[in-house]
Amino acid sequence: MRTKTILQNYLFVLPAFLIFSIFYIYPFYKVFTLALCQWDGIARFDFAKNFIGLRNFIELFQDKIWWSAMLQAGYITLIALTFQNALALGLALACDRDMKGGNIYRVIFYLPPVLSEVVAGLVWKWIYDGNYGLLNYWLQNIGLSNLVTDWLSNPKTALICVAIIHCWKGFGWGFIIFLAGLQTIPRQLYEPAKVDGASSWQMFKSVTLPLMVPVFILVSILTVLGTMQVFVLILSMTGGGPGYHTEVPVTRILASMVGSSRFGYACSQGIMFGAVLLAVSFVQIKLSKYMKQA
Amino acid sequence: MKEGTKYKIERFFKDFVIHILLIIVSVTCLFPLLWMAGSSLKTQQTIFSDMSIFPKNPMWGNFYLAWTKGGFGMYFLNSMFYTVTAVFGIVIIASLAAFAFSRLKFPGKNILFYMFLGAMMIPLPGSFVPLYVLMTKLHLINTRIGYILCMINAGLSFSIYLLKTFFDKMPVELEDAARIDGCSKIGIWWNVALPLAKPAIAVIIIFSSLNVWNEYILATLIFSSKSLMPLQRGLMIFQGIHITEYSLLMAGMTITTVPIILVYLLMQRHIIKGLTAGVIVG
Amino acid sequence: MKGQYRKVCLFFILSLFTVFLSIFLASCGPQAQKKEQVKSIKIWHWMSDREEAFLELARRYEKETGVRVNFELYAPSDAYTQKVRAAAQTNTLPDIFGILGEKRYFASFVKSGYVYDLTEEMDRDMGAWKNKLFVKALAVNEFEQENSFGVKPGIYGVPIDVTNIQMLYNKDLLRAVGADPSNPPKTWKDLIEVNKKLKANGVHGLVSGWGEIWMIDCMASNYAFNIMGKDKVLATIRGEVSYTDPDWIKVFDLFREMRDEGLLASGIVTMVNKTAEQLFANNRAAFAFNGSWCVNVYKGMNPNLNYGAMLPPQVSDKYPMTIWGGAGSSFMVNKQSKDVQPAVDFLKWITDAPQQIFLSKEAQGLPSNKYSLKDMPMVLSQFASAMDNTTHPNVWGVSEFPAVIEAFNKGIQYIIIGEKTPEQLAADIQAVKEREMAKKQ
């Protein structure tokens, strides 16, 4: 390759790289140094004075609450990966058919992501409320009054309830990406299968599925990243409670940063969290490469 | 003929079942929105006691009150400006980079790509203070350009990844044909890659505009002049530490939600039409 | 194809150019306005519900003195806190700002030289300014001799209002079960008795925002003062008394008792205070544990609510019932500001009686100026009269480790959901306390 061509090729990435290096790499470097310091976020920062080595990380490894928060986020993520994505894919497939009035659904399914967290929080709290909630009302009406409980403050149900709201609020994203992915499959590819009289399931398996693999990977990585980092919803629904039953990594980071002003510790939590997410995503990407070959 | 009818009946039945399922999901999606719109017509006193979706005495004045009290006029223009410029920037910059990552060869390609990908994965909750220091040093604090650049940066990684996935699926033959026609690299990007990735670009526009439109925390960090603040600042007026003016808040939220739904309505058409039109252009 | 390529390039360059031009023009606008010669001071605040009142006061002040006051609002308070801390790092704090949170953070700001010492101003003219203000409100902004934070003693902030946190009771609901609405329960036993009748009537006992854990801290602290007295509480914080002390277990046991007696509204452990306020305002709970700001909230939600304020019913008569209270919000002057004197003058003006009366009317809060307690609604004056019973962690001179506070509050949530006994909790808190103390050494 000629040097000129390579330079030309670099030009394509240059704008992205410039913005990225200014607004990401510098803060990233700073966060990394802060993670090695004990600093309250207020006093004048002095690296030599505040440096404490890896003590933050050592403490973090022993922080049981942190790791249980990680597990709880993992639990929500698992539900989102299966339930939310299955729903998104199913709805995308349904909307991809040439159907009367199919258009209107496309619009409606994107409403939850658009909706403000405040409204979502108010409405869902009203549904889950222990005394005047819709859910309990329905349960009583269909004769399941033994299931009636205080959904968000019962330690057994709080996490799953939050996960359900998260899936409801998030399936619209996956839905749109799946829909966009389905559109890039040329209609002609289905023709031979149709002529052969294949059922829709067979067509899905032989035509749609293989072509959608990259999109599945994309959506699953985005789901993991999006769900692991959930927090606004948690703060507005349960505040991490009851006890620590719905704490997730980001709420813990906020608690160290704003709540107890341990800026250095918060930064070390952020880095640890990032490392876990990187590892998970790496595994996902490796798995997907394997799947593509298979 | 008989087969045709059977097929039709079967199809009708299938569609019917699918419709029922879709309607059930739709109801759960529509209900909170209706509740929000309905609540914006109630008063602070009736909002939690009047359980009807649409109140008997709708307070249409709430919208006017929310608009004036929240100072929405100015904020609205600001938010439009930020959204349009940031989304435009994201689409151009991300598609150039994604095209290079997908189609061009240069040393360090993979490392660069994984760097962007990594940025998406490592959240930087502590970056608030460093970012503020950086923006002050660059004299970007309290400027529109500083905010827009931050928003572009925030949307970049995701968009590059999404677009690369779609560019990778682009048939190589089309690219070759364009090259034989004498198209340069930038020409292929513009004439072949972008039209083919139309659904993906529509998705990016939908997601990014929602993110920029709803962003607020970064704006409070970067801006100090009220005249530069985005729309979400107007909603904050109704959410006091102690008092939330629910009906005005709901009216304000209804106002702020409408444009973003409009963006979606405009963009989702491109998700549907998608490919066939694009293939011929190259 | 070549021609098209050129067109693309042209379009690309042109569009980039327009974007940057428009950004440039747009960002020039506000900067050009700054050239005026009028003296002005800048204030950063987080009180979105008082924005209008502040703007009105700024208008009046400019009319009176010619000094322009720019109030800049940053909400919610978490975002505000971050902004103030970030600005401190770049020496770009405004002339006047507020510091939220525990006293330790306030001390850190003072020690880093961000906050102007107001002691001299307060004491000038025989303490004319100081004597106008409620002692309890000033105490929150004061660092005493030999305080444990190592801050030079003095007053570093100006309270602009006062609050305290008490129990509210619904008179109509009490009357409905045959209790005397003018004579709410004074002791714990009475409270439990009344609750039995309320329960029979299907009414919630107590609502409060215990999902926001600081309100649990507040309630527990009230009863700790009542059961073991101030000295023992402070000794515990200093590490001289263990949390496994029987008195502390008695405090934790109150929460178990409240749960077992069905006094607590269901869902209280994850309830935010705004939800609790909705329930109380709509006559769905007989008691609420809430701050004096609630008067304004209830008025907005249900102007006909018939209620009163009282001290939490006492458990023991050994020590007086003490509640949290003090300055609701305070302003500090930036030590590095070029306009320290104008800033101080404005704070003096805003704590003067006319402005305090205006603020307290607009926001239905309690003024920090002693001479502004006029024409107040009944409930508010009940709150005002309870100011003598108040204390606050920020005036104790010692502060508990954040990790212990968290373990304490979250732990009480565990008692309420029945996953821990008071004894277990006491042991857990003490373990955290010992770990933190070991870390410090």
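A strand here is a DSSP run of E with at least two residues, and strands are numbered from the N terminus. Keep that in mind for the last stop, where a loop is located by the strands on either side. The model is predicted.

**Stop 1: chain B alone**

Hide the other chains and select chain B. What secondary structure does chain B hold? The count is 13 helices and 0 strands. Walk from the N terminus and every element reads α, from start to end of the run α-α-α-α-α-α-α-α-α-α-α-α-α. The radius of gyration of chain B is 24 Å, well over the 19 Å given by the globule rule for 282 residues, so chain B is more spread out than a compact globule.

Now turn chain B along its principal axes. The C-alpha trace spans about 75 × 70 × 30 Å. Colour by burial next. Buried residues account for 53% of the 282 residues in chain B. Contacts come after that. Of those in chain B with a separation of 6 or more, 77% join residues 24 or more positions apart.

**Stop 2: where chain A meets chain B**

Bring chain A back. Select the contact between the two chains: 63 residues come from chain A and 66 residues from chain B. Which helix gives the most to the side of chain A that touches chain B? Pick α1 of chain A, residues 3-34, which gives 18 residues. Colour that side of chain A by class, and you get 51 nonpolar, 10 polar and 2 charged residues.

**Stop 3: one helix pair in that contact**

Keep α1(A) and add helix α5 of chain B, residues 128-137. Their axes come within 9 Å and cross at roughly 130 degrees. An angle over 115 degrees but not over 145 falls among the oblique ones, and α1(A) and α5(B) are therefore oblique to each other. The crossing of α1(A) past α5(B) is right-handed.

Show side chains here. From α1(A), select A:Tyr26, A:Pro27, A:Lys30 and A:Val31. From α5(B), select B:Pro130, B:Leu131 and B:Leu134. These contact residues divide into 6 nonpolar, no polar and 1 charged.

**Stop 4: B:Asn142**

Stay on chain B and move to the loop between α5 and α6 (144-168), where B:Asn142 lies. Check the backbone. Phi of B:Asn142 is near 60 degrees, a positive value in a residue other than glycine. Is B:Asn142 buried or exposed? It falls in between: with 18 C-beta neighbours inside 10 Å, B:Asn142 counts as partly exposed.

**Stop 5: where chain C meets chain A**

Show chain C with chain A. This contact takes 25 residues from chain C and 24 residues from chain A. On chain C, select α3 (77-89), α4 (103-111) and α16 (402-416); each supplies at least two residues of the side that touches chain A. By class, that side of chain C has 9 nonpolar, 10 polar and 6 charged residues.

**Stop 6: two backbone details in chain C**

Go to the loop between β2 (68-73) and α3 of chain C, and pick C:Pro76. The peptide bond from C:Ala75 to C:Pro76 is cis, with omega near -5 degrees.

Finish in the loop between β4 (142-143) and β5 (154-155) of chain C, and pick C:Glu146. C:Glu146 is not a glycine, although its phi is positive at about 50 degrees. Count its surroundings: with 8 C-beta neighbours inside 10 Å, C:Glu146 counts as exposed.

How values were computed: Residues numbered from 1 in each chain as written. Chains lettered and ligands numbered in written order. Predicted model: local features only at pLDDT ≥ 70, side-chain atom pairs only at ≥ 80, totals over all residues. Helix = DSSP H or I, 4+ residues; strand = E, 2+ residues; numbered from the N terminus. Rg over C-alpha atoms; globule rule 2.2 N^0.38 Å. Buried ≥ 20, exposed ≤ 12 C-beta atoms within 10 Å, placed from the backbone. Contact = placed C-beta atoms within 7 Å. Nonpolar A, V, L, I, M, F, W, Y, C, P; charged D, E, K, R; others polar. Axes fitted to C-alpha atoms, helices over the stretch in contact; angles between N-to-C directions. Parallel < 35°, antiparallel > 145°, perpendicular 65-115°, else oblique. Left-handed = near helix turned anticlockwise from the far one by under 90°.
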